[in-house]
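Biologist: Got a minute to go through this fold with me? Let's put it on screen.

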Amino acid sequence: MKAYVIVQETVKDEATFEKYRREVVATLAPFEGRFIVRGGALTVVEGTWPHKRTVVIEFPSRQAAEGWYKSPAYQKIIHLRLASADGNLVIVDGPA
């Protein structure tokens, strides 16, 4: 079953976030992760959406998504995202 990493974030330091943005792509390949949404235009039609940027990354399984997040390659750069943006990150299972 596929799994998705969903991120809502507000970037507060563009220069640092740009370093993260350039490096994160290479960390996905070993886990067959691919961007479905990567910060495109956003229109809130119901409720509130606390952050300006949304990212959705598809993985072939929850194991792959969790493996990516915990991987040494991603852990090496996560500090760039945490230092440059506020937000939320979840892993959710796709439809059965």
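Modeller: Sure. One term to begin with: two strands pair if DSSP finds at least two bridges between them. And keep in mind that this is a predicted model.

Biologist: Okay, so how many bridges do β1 and β4 have?

Modeller: Nine, with β1 (residues 3-11) running antiparallel to β4. Within that pairing, Y4 sits opposite V92 of β4.

Biologist: What's the strand order in the sheet?

Modeller: β2-β3-β1-β4, an open sheet of four strands with antiparallel pairing. β2 (34-38) and β4 (85-93) are the edge strands; each has a single partner, so one side of each has no neighbour in the sheet. The average twist is 20° from one strand to the next.

Biologist: Switching to helices. Which strands does α2 lie across?

Modeller: Helix α2 (residues 62-70) lies across β1, β3 (53-59) and β4, at about 150° to β4. Helix α3 (residues 72-84) packs on the sheet as well, touching β1 and β4, and its direction makes about 125° with that of β4.

Biologist: And at what angle do α1 and α3 pack?

Modeller: About 155°, with the axes of α1 (residues 14-28) and α3 9 Å apart. Angles over 145 degrees count as roughly antiparallel, so that is what α1 is to α3. The crossing is left-handed.

Biologist: Which residues meet there?

Modeller: From α1, T16, F17, K19, Y20, E23, V24 and T27; from α3, A73, Y74, I77, L80, R81 and S84. By class, that contact has seven nonpolar, three polar and three charged residues.

Technical notes: Residues numbered from 1 in each chain as written. Predicted model: local features only at pLDDT ≥ 70, side-chain atom pairs only at ≥ 80, totals over all residues. Heavy atoms only, no water. Helix = DSSP H or I, 4+ residues; strand = E, 2+ residues; numbered from the N terminus. Axes fitted to C-alpha atoms, helices over the stretch in contact; angles between N-to-C directions. Contact = heavy atoms within 4.5 Å. Parallel < 35°, antiparallel > 145°, perpendicular 65-115°, else oblique. Left-handed = near helix turned anticlockwise from the far one by under 90°. Nonpolar A, V, L, I, M, F, W, Y, C, P; charged D, E, K, R; others polar.
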